[in-house]
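Student: I would like to go through this model step by step. Please show me the sequence and the structure.

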Amino acid sequence: MEQGKRTATILVVEDDKGQQTNGFALEVETGFERVVFKETVNDALAFVNDNLPSKIIILLDLGFPKSEEQGVYFLNELRKQSRRIPVIIWSGRDDIEGAEYQEIINGSTFAFLSKSASSEEIMEILRKADDYLNSQIDTAVESWLESHSEEERKKPFLKTSDGQSYSMEDLLREIRMQTPFGKKIALDINKLTIDLLFRKKEQI
Amino acid sequence: MIKDILLYDDEDDDLGDFFRLCSYKYMKVAKQCVAFKHDSKSCKDAIERSMSKCNNSKFLLVSFLHGSDDALYLSKKEVISPHNAYFLSNAFCYTFSCHCGKNLAQILLDNGACTFWGYIDNVSVIVDNEDDFADLAVSGLRHFYCNKTVGEAYDAVKKEYTSKIDALYKTDYFCAATLMYNRDSMILLGDKNLAINDFT
């Protein structure tokens, strides 16, 4: 990792190839370890699906060619996979209203950015999204996972008396995909934290 | 001598080793018990015959098995369920099995069981800490055999869970969180004053 760069992957879902080579892309690359461009909604969804255990922040354009799936479709499909990935709507349109606006709000969008926003404004929002991710339990679990060898991460780690077995990597995936078991793990960790604070074993 | 029946699924794909470890730890405490494990003799009929020989007075049924809301399973087959709950009349039923505290516990008590000790939700085991988890799974019986009432034993085990959580959380937060979940999932229903002297 280059010093000072943040570890989240920035996924830019944008059909305008020009954005990949302009100053904006270079600016983001100075602050984040990995910037990935996807020109279609379906390619972006496939990328998210393949990289769910990673920390991802999405910059989403809403408008795509009429023959293709649109940004709102992406939001709806993404939320079926995970609700923990921050999505920043990045649009040149100022006519978002009605049902489309409702879909965007329901999609728990992290922020709205105008296409005319400056690089500094974009970076500030991306850093806030990264801070938000870093405050989530899955990021803490990811850090814990990194302290173990690859072999340790893959072997059975936790078994339940209803016959399920999970490796450390499985647990991270369960948390990131917000499965019922993943939610239970996150809740257990939160409960322990609260218990330790209330019993004054630890302090904030 | 206490009449004591032990059920454990030592060949279970996931938790067989853990259930075996629990049973070994328990056998050191109980010294003598009728044990049914994962083999051809461990059929439901044989277990029922054994329970029917015991249930004219108080007896102990200990199980390290998979569980569901309504049943306990040995070799993936139901061995304790509402259909044969009457065999557990007079039983102190002590389980390390998930979910069975939800419905099965009350059904057993309604059919004359004295006390039910078990878990109302999933219980989990961290593979590298199996020994700690097994100690806690058996600990209630250890206290019971040392002349504590089941109520006192239950309180003692809750404290042991908490001590273990406090000892572990700085080095293994995940394990501590799992122990806490198991602790909070544990329930005790029925006669809490039951003591070992009631069995002899």
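Student: How many residues of chain B are in contact with chain A?
Tutor: This is a predicted model, in which local features need pLDDT of at least 70, side-chain atom pairs count only at pLDDT 80 or more, and totals for chains, interfaces and linings use all residues. Residues are numbered from 1 along each chain as its sequence is written, chains are lettered from A and ligands numbered from 1 in the order in which they are written, and side-chain values use heavy atoms, with hydrogens and water left out. Contact means heavy atoms within 4.5 Å. On the side of chain A 25 residues take part, and on the side of chain B the number is 28.

Student: Which three residues of chain B supply 27% of the area that chain B buries against chain A?
Tutor: Buried area is the accessible area (1.4 Å probe) that two parts lose on being put together, summed over both. Between chain B and chain A this area is about 2400 Å², and carbon and sulfur atoms give 60% of it. No other three residues of chain B supply more than these: Asp14(B), Tyr173(B) and Phe174(B).

Student: Which residue of chain B forms a salt bridge with Lys155(A)?
Tutor: A salt bridge is a side-chain nitrogen of Lys or Arg within 4 Å of a carboxyl oxygen of Asp or Glu. The rule finds four of them across the interface of chain B and chain A. For Lys155(A), the closest N and O atoms are 3.8 Å apart, and the partner is Asp128(B).

Student: Is strand E1 of chain A largely enclosed or not, and why?
Tutor: Strands (E, at least two residues) and helices (H or I, at least four) are DSSP runs, numbered from the N terminus. Buried means under 20% relative accessible area, exposed over 50%, and partly exposed in between (1.4 Å probe, protein chains only). Six of the eight residues of E1(A), residues 6-13, are buried, so the rest of the structure leaves this strand largely enclosed.

Student: Which residue of E3(A) stands opposite Ile10(A)?
Tutor: Two strands pair if DSSP finds at least two bridges between them. E1(A) runs parallel to E3(A), residues 56-60, and five bridges join them. Opposite Ile10(A) stands Ile57(A).

Student: Which element of chain A has the lowest mean pLDDT?
Tutor: pLDDT is the predictor's confidence in each residue, from 0 to 100. Chain A averages 83, and E7(A) has the highest mean among its elements, 93. The lowest, 65, belongs to helix H4 (residues 98-106) of chain A.
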